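Visitor: I should like to go through the salt bridges and the strand pairing here, and to hear on what grounds each term is applied.
Guide: Certainly; let us take the terms in turn.

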Amino acid sequence: MARLPRWAQRLMEQHPGAEMPTADNPIPAWLEEEAKKRPLWYTIREAKEVRTGHPYLVYDELIKQPNQWAEILEQPEQVIRMADLLRQRDIREVIFTGCGSAFFTALHGAYTFERFTGIRTRAVESYELVHYFPPVDRKHTAVIAHSGTGGSIETVEAIRVAKQHGLLALAITNTDVSPVLDEAHDAMIYLTHQGCGPCISVVSTRILMQTMLARQLARPDVDTASIDASLQALPAAGREFMATYPPIVEAFAKATSSVESFFLVGSGPNYFTAREGTLKLEEQSLLVGKAYRTGDFHHDALSLLSPTRLVIAVAAAGPANQRLVDVLRAAREGLCPTLAVEYGNVRGLAAYADHAWHIPGDIVEDVAPILLTLPFQMLGYFMGVVRGKNPDTLATDKLSNARAWLTAFPLGTH
């Protein structure tokens, strides 16, 4: 019982003497009855209520993020502490790890650290890190593990294996009591208390802390002034987006209700945006999507273009944007509906898309992924709502999907 997450402990306490779920039998009859009575994801998130219409609980989670960013920016102490620790240990390589959204935040960390610091990086998914641990300079290498809940069994095991190899093991998480924190040498924590739905503010708050950490370790030749200005501009930009865009996003979701799948394309730091945005669209709308780096789109996707497949391109700063123009032009020729997403002073796509959103705020490209979590979270939300889906549940309001979740993640493993 001690190793179960709190929600699972409470569930077991309601059924004293009940058969304990196992990997071989993850769904005893009593647990299936619980899943029939209440969608599983409301139980996992320990939601105080079940909602059946807009605004769902995940919408509440979405709109609070700009204020959370402001809190993090006003309290940089733990970021400074972790930066000092990395310096003191003379860390020359960082392996970022996680699963799901947390792996996408690991990809973001690897990119951002290499852009800002003199530290070598790589991102390795947690399960892969456990079973295919790379050769490293143990004395000068750290692992930074991402986990919103702090309970993902693969990530906990990845930290243990890193420690067995003699590495400094750090975590970035959104809970203050968890197995990840029990294992890590140190951690940055921001409590989000997410009410329900897929990972929302746990993602944007962690990549904000991660960007701040990279900024603390920045090389002398990095333009830290523009990074600092962009970080400080984030809360206001997010609030303006929330004040302006919900009806625009909802109208777009209605206009594209015949879309059956989608592609999301991004360059540089916004490949993270494409990966994470794709997951949020899938989880909330239950459409199938795929994320592409800009160059890969032309090699992988052209034969798949069709009028029922939406193509979304995120603008890039500088010459990389031209290939995104090509993405939209090719998608139009393939009869796909198209959406361009621009931000700050990064423009140049709107003329080539059927629809264009310009996200407010004077935000440079390397900070943009934090802000750009918002439009894709909101788009996934409204695309789900207009299709009659409950974005809170990740489809666990269907028993078959709840059984799939419990089979993949027996109690105590997520």
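Guide: The structure holds 25 salt bridges. It is a predicted model, in which local features need pLDDT of at least 70 and side-chain atom pairs count only at pLDDT 80 or more, while totals for chains, interfaces and linings use all residues. Residues are numbered from 1 along each chain as its sequence is written, and side-chain values use heavy atoms, with hydrogens and water left out.

Visitor: Why is the contact of R81 and D186 called a salt bridge?
Guide: The term requires a side-chain nitrogen of Lys or Arg within 4 Å of a carboxyl oxygen of Asp or Glu. The N to O distance between R81 and D186 is 3.0 Å, so the pair satisfies the criterion.

Visitor: What makes this pair a tie between parts apart in sequence?
Guide: R81 belongs to helix α6 (residues 77–88) and D186 to strand β5 (residues 186–189), so the pair ties together parts that are 105 residues apart in sequence. Helices (H or I, at least four residues) and strands (E, at least two) are DSSP runs, numbered from the N terminus.

Visitor: How do you know whether K280 and E276 are buried or exposed?
Guide: Buried means under 20% relative accessible area, exposed over 50%, and partly exposed in between (1.4 Å probe, protein chains only). K280 has 1% relative accessibility and E276 has 3%, so both count as buried. Their side chains form a salt bridge with an N to O distance of 2.7 Å. They are four residues apart in helix α14 (residues 270–285), which means a separation of about one helical turn.

Visitor: On the scale of accessibility, what are E157 and R160 called, and why?
Guide: E157, at 30%, counts as partly exposed, and R160, at 22%, is partly exposed as well. These two residues meet in a salt bridge at 2.9 Å, N to O. Both lie in helix α9 (residues 153–164), three residues apart.

Visitor: Which residues are linked in a network of salt bridges?
Guide: The network links E32, E33, K36 and R403.

Visitor: What makes β7 and β10 edge strands?
Guide: The open sheet has five strands in the order β7-β6-β8-β9-β10, with parallel pairing. β7 (288–293) and β10 (355–359) are its edges because each pairs on one side only.

Visitor: How do you know that β6 and β7 pair?
Guide: Two strands pair if DSSP finds at least two bridges between them. Strand β6 (residues 261–266) and β7 have six bridges in the parallel sense, so the requirement is met. The bridge partner of F263 in β7 is K290.
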